[in-house]
Amino acid sequence: MKQLNPTAVMTEPPSSIRFQNTGAALWEKAKTIIPGGNQLLSKRAEMFLPGQWPAYYSRARGCRVWDLDGRAYHDFAQMGVGACVLGYAHPHVNRRVMEIVRHGSMCSLNPPEEVALAEKLIALHPWAEMARFGRTGGEACAIAVRIARAASGRSKVALCGYHGWHEWSLSANLQTGSNLDQHLLSGLDPKGVPAELAGTALPFRYNQLEELEALAKRHGREIGVIIMEPIRSVDPAPGFLEGVRKIADRLGAVLIFDEVSAGFRLNVGGAHLLHGVTPDMAVFGKALGNGYPIAAIIGKRSVMNAAQDSFISSTFWTERIGPAAALATIEFMEKNDVPDALVRYGRRIMEGWQHAAADAGLKIQVSGIPPLARLAFEHPDALALQTLYTQEMLDRSYLVGAAVYATYAYSNTIIDRFTADTTKVFRSIKQAVDAGTVRAQLRGPVKHAGFARLS
Ligand SMILES: Cc1ncc(COP(=O)(O)O)c(C=O)c1O
């Protein structure tokens with residue numbers, strides 16, 4: 001793709017938009033026959049660059065993505081929404097998957113790999129004694145909550161953070177509609193969730209132990225489950241995780257750590273292992289299979305055995321690719337100390353943003369664990385600035401959003417080039433801010449901030 005003069009304030013549309021954008025056109029068609037356009041909010045074009053986002057890919061390898069018109073990009077957005085920690089189409093994982101495909105990925109008998117994966121996850125988490133498997137993160141959280149409710153015999157769940165789309169968690173928004181706004185995704189509409197579930201999911205905010213204390217005081221031993229991410233955007237405040245553990249013990253509630261996003265990025269296994277606080281159950285997804293669908297629920301025997309008292313069962317939870325891919329992914333991670341690279345690369349990206357902003361005189365906020373780094377512009381029209389950043393970086397052949405899931409497929413050279421391009425774009429954004437032309441320079445609408453109905 002043709003490079004633009006990076007320091008110029010753009011008044012003419014760059015050549016790239018005169019190119020065919022088959023993906024953007026397909027996205028418009030998709031929205032007329034698939035409600036919401038696709039199956040995941042985070043992959044909507046509107047979450048990045050409405051009207052211009054390539055939206056679909058023809059191929060992906062390492063940290064590179066090719067759109068439907070053959071244009072190549074470096075992925076500094078989502079790397080498969082955090083799934084592809086090793087990189088796209090990773091040869092080590094793919095080799096194992098191809099073998100499985102050749103030998104039959106589905107059968108009337110069970111895949112032995114799921115027993116090996118259960119053993120592996122238990123070995124990595126010595127407090128855990130049993131495992132179950134699903135294929136998506138939200139589904140695995142729902143399984144965990146079902147088991148925990150069955151084990152505790154109570155229905156109220158205290159929750160912190162995002163845990164997927166299922167009734168048990170969305171019901172938190174039945175009372176006010178905004179209960180979950182502080183939990184990753186704002187504006188989640190619980191339409192279709194039975195109103196009778198109101199009051200069964202009780203949110204508390206991360207690092208606000210007093211909010212969980214207040215819930216414990218109000219609902220006491222009606223709370224049977226506490227579910228939260230052990231870490232995501234900020235480090236746990238001293239005593240926070242320990243305090244949650246104590247409250248769970250006092251209430252006799254099952255404590256679940258949702259490691260769907262944090263797991264297997266800071267270390268091989270759950271991030272909670274780094275903080276010395278042990279849950280009763282933990283849930284994994286995303287990074288576990290490097291993009292192949294697999295999710296795991298691990299836990300103490302006393303809790304996990306409650307799965308036998310409830311009906312939790314599904315045909316495709318028995319396919320063979322997921323557990324085989326997870327075993328191959330973990331093996332590669334251990335051999336190559338992948339989390340160490342993810343943390344180093346994530347830090348380099350975060351520092352790059354900071355330097356670029358300081359150079360341009362832009363105010364930004366950088367947050368998150370390094371392998372899941374977040375960027376926010378500090379400006380009254382922050383979303384417009386974010387959209388302009390995505391637009392200008394797309395012109396320079398990067399997929400960019402408000403967060404980067406680091407991948408082992410990056411290199412210092414790739415990140416340094418990304419930082420150099422970001423520096424140029426930040427300078428042009430600052431010029432646009434000073435000239436009051438940010439919105440005028442957008443070639444389409446401003447991106448969405450959270451959940452919204454698509455027109
Ligand atoms: C912490 C956490 N839990 C659960 C989920 C849901 O996972 P999935 O999208 O695979 O259903 C996510 C997804 O972002 C997540 O970040």
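Visitor: How many Å separate the centres of domain 1 and domain 2?
Guide: In this predicted model, the two centres, taken over C-alpha atoms, are 29 Å apart.

Visitor: And which residues belong to which domain?
Guide: Domain 1 takes in 15-89 + 338-441, while domain 2 covers 106-319.

Visitor: How many residues from each one go into the contact?
Guide: There are 15 residues from domain 1 and 15 residues from domain 2.

Visitor: On the domain 1 side, which elements supply at least two residues each?
Guide: α10 (338-360) and β12 (372-377) do. The one that gives the most is α10, with 3 residues.

Visitor: How does that side of domain 1 divide into nonpolar, polar and charged?
Guide: You get 10 nonpolar, 4 polar and 1 charged.

Visitor: OK, switching to the ligand. Which residues come nearest?
Guide: Gly137, Gly138, Gly164, Val260 and Ser261, out of 13 residues around the ligand.

Visitor: Which helix gives the most to that shell?
Guide: Helix α4, residues 137-152, which puts in 3 residues.

Visitor: What's the class make-up of the shell around the ligand?
Guide: The shell has 8 polar residues, 3 nonpolar and 2 charged.

Visitor: Now the sheets. What's the strand order in the one with 7 strands?
Guide: Reading across, the order is β4-β10-β9-β8-β7-β5-β6. It's an open sheet, and the pairing is mixed.

Visitor: Which strands stand at the edges?
Guide: β4 (130-134) and β6 (201-203). Each has a single partner strand, so one side of each is left without a neighbour in the sheet.

Visitor: How much are neighbouring strands turned against each other?
Guide: By 20° on average, with direction ignored.

Visitor: Which helix packs on that sheet, touching β4 and β10?
Guide: That's helix α3, residues 113-124. Its direction makes about 125° with that of β4, and the β10 it touches is 295-299.

Visitor: Back to the strands: do β8 and β9 pair in the parallel or antiparallel sense, and what does that kind of pairing rest on?
Guide: β8 (residues 254-258) and β9 (residues 281-284) pair in the parallel sense, over 3 bridges. In general, strands of a sheet pair through backbone hydrogen bonds.

Visitor: What stands opposite Asp258?
Guide: Val283, in β9.

Visitor: Let's do helices. At what angle do α6 and α7 pack?
Guide: About 10°, and the axes of α6 (residues 209-219) and α7 (residues 240-251) are 10 Å apart. Angles under 35 degrees count as roughly parallel, and α6 and α7 are therefore roughly parallel to each other.

Visitor: Which residues meet there?
Guide: From α6 you have Leu209, Leu212, Glu213 and Ala216. They meet Phe240, Gly243, Val244, Ile247 and Leu251 in α7.

Visitor: And by class, what does the contact of α6 with α7 have?
Guide: It has 7 nonpolar residues, 1 polar and 1 charged.

Visitor: You brought up β12 earlier. Which strands share a sheet with it?
Guide: The order is β11-β12-β14, an open sheet of 3 strands with antiparallel pairing.

Visitor: Why is one side of β11 and of β14 left without a neighbour?
Guide: Because they stand at the edges, each with a single partner strand.

Visitor: How much are the neighbours turned here?
Guide: In this sheet it's 15° on average, direction ignored.

Visitor: What does α10 touch on this sheet?
Guide: α10 packs on the sheet and touches β11, β12 and β14. Its direction makes about 170° with that of β11.

Visitor: How many bridges are there between β11 and β12?
Guide: 4 bridges, with β11 being residues 364-367. Gln365 stands opposite Ala376 in β12.

Visitor: What do β11 and β12 form?
Guide: A hairpin, with 4 residues between the strands. Gly368 sits in the turn with a positive phi of about 95°.

Visitor: Last one: how many bridges join β12 to β14?
Guide: 3 bridges, and β14 is residues 403-405. Arg374 stands opposite Ala403 in β14.

Technical notes
Residues are numbered from 1 along each chain as its sequence is written. This is a predicted model: local features need pLDDT of at least 70, side-chain atom pairs count only at pLDDT 80 or more; totals for chains, interfaces and linings use all residues. Domain bounds come from an automatic or database domain assignment. Two residues are in contact if their C-beta atoms, placed from the backbone, lie within 7 Å. Ala, Val, Leu, Ile, Met, Phe, Trp, Tyr, Cys and Pro count as nonpolar, Asp, Glu, Lys and Arg as charged, and the others, Gly among them, as polar. A residue is near a molecule or strand if its C-beta atom, placed from the backbone, lies within 6 Å of it. Two strands pair if DSSP finds at least two bridges between them. Axes are lines fitted to C-alpha atoms, for helices over the stretch in contact, and angles run from 0 to 180 degrees between N-to-C directions. Angles under 35 degrees count as roughly parallel, over 145 as roughly antiparallel, 65 to 115 as roughly perpendicular and the rest as oblique.
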